[in-house]
Amino acid sequence: MSSLILIDLFLTFLKIGFVSFGGGYAMIPVIEAEVVSKHGWMTTQEFTDVIAVASMSPGPIATNSAVFVGYNTAGLAGAIFSTLGSVLPSIIIILIIAMFFYQMHEHKLVKSAFYGLRPIITGLILYAAIRFAISNNVIGAISVHTITLFAIFSLSLFALIRLKMNPILVLFISGIAGIIFFT
């Protein structure tokens with residue numbers, strides 16, 4: 001294994017970590033662009049599988065994704081370097097913000113900037129969901145498979161919003177539904 005790949009993994013996830021506004025789900029398109037399109041470390045299907053597992057695993061999805069991508073690319077060392085690159089920016093930024101935020105959090109420009117970031121975060125999350133639906137052929141030809149996936153999605157959304165079910169329980173039930181309908 002080349003040390004260059006480890007440095008590349010570290011720098012890639014360091015860059016991603018520095019632009020991770022809105023949390024991991026909002027960063028899925030950025031991670032995908034780097035991992036699939038730019039570096040070719042994974043196919044779109046492999047990346048989709050990584051995101052599915054990373055979202056069900058404990059911890060932040062961006063960090064979990066870094067672990068899986070790094071491990072898939074360069075083994076344990078790759079997982080370590082990717083993870084360090086992913087979390088280091090957050091540590092640095094949080095330390096800097098902690099020093100200044102308390103003094104500036106009531107400033108009109110700071111409040112306005114955070115208010116302005118909300119719609120783009122929602123848009124990035126929606127974009128990631130649509131990209132996964134397209135890459136898994138959920139959007140396209142209507143089939144029993146597509147209808148079943150849409151039903152699981154709709155019932156999960158209903159359970160989360162109207163029934164206020166615990167997201168972990170909804171994930172578990174959706175996984176069981178996937179086993180039942182797609183095995």
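The protein carries 8 positive and 6 negative side chains, and a distance of 17 Å separates the centres of the two sets. The model is a predicted one, with a mean pLDDT of 86 across the protein and with 93% of the residues reaching 70 or more. Confidence varies along the chain: helix H1 (residues 3–18) has the highest mean, at 93, whereas helix H5 (residues 108–135) has the lowest, at 81. Where pLDDT is low, predicted coordinates should not be read in detail.

The secondary structure consists of seven helices and zero strands. Read from the N terminus, the order of elements is accordingly α-α-α-α-α-α-α. Along the principal axes, the C-alpha atoms occupy a box of roughly 55 × 50 × 25 Å. The protein has 183 residues, of which 28% count as buried. Its accessible surface amounts to about 11800 Å², and carbon and sulfur atoms contribute 75% of that area. Of the contacts between residues at least 6 apart in sequence, 56% link residues that are at least 24 apart.

Two buried residues in contact with each other illustrate how the helices of the N-terminal part of the numbering are connected in the model. Ile-31 belongs to helix H2 (residues 24–38), and Ser-65 to helix H4 (residues 61–104). Ile-31 is counted as buried because its relative accessibility is 1%, under the 20% limit for that class. Ser-65 is likewise buried, at 1% relative accessibility. With neighbours within four places in sequence set aside, the contacts of Ile-31 are Phe-13, Ile-16, Val-36, Phe-47, Ala-62 and Ser-65. On the same basis, Ser-65 is in contact with Ile-31, Val-50, Ile-51 and Ala-54. Ile-31 thus appears in the contact list of Ser-65, and Ser-65 in that of Ile-31. A further separation was computed from Ile-31 to Ile-94: these residues are 63 apart along the chain, and their C-alpha atoms are separated by 21 Å.

Helix H5 contains Ile-120, a residue that is partly exposed, at 45% relative accessibility. Ile-120 and Ala-26 are 94 residues apart in sequence, yet their C-alpha atoms are 8.8 Å apart in space. Ala-26 falls within the residue range of helix H2, 24–38. The mean confidence of helix H5, at 81, is the lowest in the protein.

Toward the C terminus, attention turns to helices H6 and H7. Leu-149 is located in helix H6 and is partly exposed, with a relative accessibility of 24%. Between Leu-149 and Ala-177, 28 residues apart in sequence, the distance from C-alpha to C-alpha is 9.6 Å. Phe-182 lies in helix H7 and is also partly exposed, at 32% relative accessibility. Apart from neighbours within four places in sequence, Phe-182 is in contact with His-145, Thr-148, Leu-149 and Ile-152. Leu-149 of helix H6 is therefore one of the residues in contact with Phe-182, since heavy atoms of the two lie within 4.5 Å. The separation between Phe-182 and Ile-97 is 47 Å from C-alpha to C-alpha, with their positions 85 residues apart along the chain.

The loop between H6 and helix H7 (167–182) includes Lys-164. This residue has a positive phi of about 55°, although Lys-164 is not a glycine. The relative accessible area of Lys-164 is 67%, and the residue is therefore exposed.

A search of the whole structure identified one aromatic pair. The pair is formed by Phe-150 and Phe-153 and is tilted, with 6.1 Å from centre to centre and 40° between the planes. The geometry is classed as tilted because an angle under 30 degrees would count as stacked and one over 60 as edge-to-face. Both residues belong to helix H6 (residues 144–161), where they are three residues apart and therefore separated by about one helical turn. Phe-150 is exposed, at 54% relative accessible area, whereas Phe-153 is partly exposed, at 48% relative accessibility.

Note on methods. Residues numbered from 1 in each chain as written. Predicted model: local features only at pLDDT ≥ 70, side-chain atom pairs only at ≥ 80, totals over all residues. Heavy atoms only, no water. Helix = DSSP H or I, 4+ residues; strand = E, 2+ residues; numbered from the N terminus. Buried < 20%, exposed > 50% of the residue type's maximum accessible area, 1.4 Å probe, protein only. Areas by Shrake-Rupley, 256 points an atom, 1.4 Å probe, with all protein chains shown as cover. Lys, Arg positive; Asp, Glu negative; His and termini not counted. Charge placed at Lys NZ, Arg CZ, Asp CG, Glu CD. pLDDT = per-residue confidence, 0-100. Phe/Tyr/Trp six-rings, centres within 6.5 Å; stacked < 30°, edge-to-face > 60°.
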